[in-house]
Amino acid sequence: MRIKVLGSCSGTEPMPGRHHVSWILDTGNGIYWFDAGEGCSYNAHLWGIDILDIRSIFISHPHMDHVGGLPELLWTVRKLEWVKKQKKNYGYLELFTPSLTSFEGTLGMLKNSEGNFVVDFDFRVKKVETGLILDDGIVQVEAIDNMHMGILGLSKSYRIRHAGKTIVYSGDVKDISEMEEWLNEGCDLMFMETGHHSVKTVCDYIAAHPKVKRLWLIHHGREILYHTQESRELASSILGEMVHISDDGDELEL
Ligand SMILES: [Zn+2]
Ligand SMILES: [Zn+2]
């Protein structure tokens with residue numbers, strides 16, 4: 001399976017070379033898309049990713065740095081069908097979001113754009129609860145609540161299983177310990193946001209959770225954006241080669 005970072009930045013002002021957060025899991029039998037920061041579909045398309053191959057999109061919470069690129073992504077799916085004269089693979093597209101209110105805004109934009117977002121595939125929108133939210137025979141995805149939004153239910157972290165591997169994606173969290181149970185159980189890759197947490201705090205925490213095999217930092221805040229090299233050195237001094245500060249376009253075969 002291939003993991004690709006489409007955007008590595010937190011919700012700050014535009015940064016050179018970085019877009020707001022988004023990453024994908026490409027199983028070879030469908031793409032699973034996590035968060036949709038601005039420019040995610042632009043990057044994906046120009047990097048050769050077949051956007052018509054998406055099966056499911058997962059939004060962690062409705063902050064703009066996670067959904068700013070969502071209308072454009074959905075618009076691009078429809079546009080590519082027309083441009084390529086090709087129907088969307090699998091005949092459906094599924095969107096999981098903790099905020100249907102936020103999605104209504106997205107849909108409002110799409111329905112007022114050309115074509116009124118009339119699509120020829122089955123477009124399913126689901127409100128994310130907690131527990132197992134998807135098991136389509138290819139991937140299993142679980143969701144838990146975190147307190148990033150200040151109220152329970154509006155912000156999720158995800159755990160993804162595919163082909164014997166496990167990935168944990170923090171989304172934005174109030175505290176890394178909100179994923180304690182999953183981290184104790186272990187994973188092959190953890191994507192952890194550093195927009196609200198220092199590199200040292202995150203790395204020390206993961207050092208105490210040896211079943212986490214690999215840590216990719218994403219959703220960078222100012223510490224990493226302005227002191228990238230020092231942050232890389234600090235992270236490796238604590239965790240060695242298992243830690244990586246991701247950049248837009250980074251790719252990993254798991
Ligand atoms: Zn964010
Ligand atoms: Zn946020």
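Which residues make a nonpolar surface patch of about 340 Å²? The legends below take up this patch and a zinc site in a predicted model.

**View 1. A nonpolar patch on the surface, with Leu46 as one of its residues.** Tyr42, Leu46 and Trp47 make the patch, which covers about 340 Å². Leu46 belongs to helix H1, a run of residues 40-46. The relative accessibility of Leu46 is 54%, so this residue counts as exposed.

**View 2. Coordination of the zinc ion (ligand 1).** The ion is held by Asp65 (OD), His66 (NE2), Asp172 (OD) and His219 (NE2), at 2.1 to 2.2 Å. Angles among the 4 donor atoms run from 89 to 171°, and the site is irregular. Four donors count as tetrahedral if all angles lie between 85 and 135 degrees. Along the chain, the donors of the zinc ion (ligand 1) are spaced as D-H-x105-D-x46-H. His66 is in helix H2 (residues 64-67) and His219 is in strand S12 (residues 215-220), so the pair ties together parts 153 residues apart in sequence.

**View 3. Asp172 between two zinc ions.** Asp172 forms a bridge from the zinc ion (ligand 1) to the zinc ion (ligand 2). The two ions lie 3.4 Å apart.

**View 4. The histidine donors His66 and His219.** Are these residues buried or exposed? His66 has a relative accessibility of 0% and counts as buried. His219, with a relative accessible area of 3%, is buried. Buried here means under 20% relative accessible area.

Conventions:
Residues numbered from 1 in each chain as written. Chains lettered and ligands numbered in written order. Predicted model: local features only at pLDDT ≥ 70, side-chain atom pairs only at ≥ 80, totals over all residues. Heavy atoms only, no water. Donors = N, O, S within 2.8 Å, 3.2 Å for Na, K, Ca; no water. Tetrahedral: all angles 85-135°; square planar, octahedral: opposite > 155°, others 65-115°. Helix = DSSP H or I, 4+ residues; strand = E, 2+ residues; numbered from the N terminus. Buried < 20%, exposed > 50% of the residue type's maximum accessible area, 1.4 Å probe, protein only. Patch = residues over 30% accessible without salt bridge, like charges linked within 9 Å, V, L, I, M, F, W, Y side chains within 5 Å. Areas by Shrake-Rupley, 256 points an atom, 1.4 Å probe, with all protein chains shown as cover. Salt bridge = Lys/Arg side-chain N within 4 Å of Asp/Glu carboxyl O.
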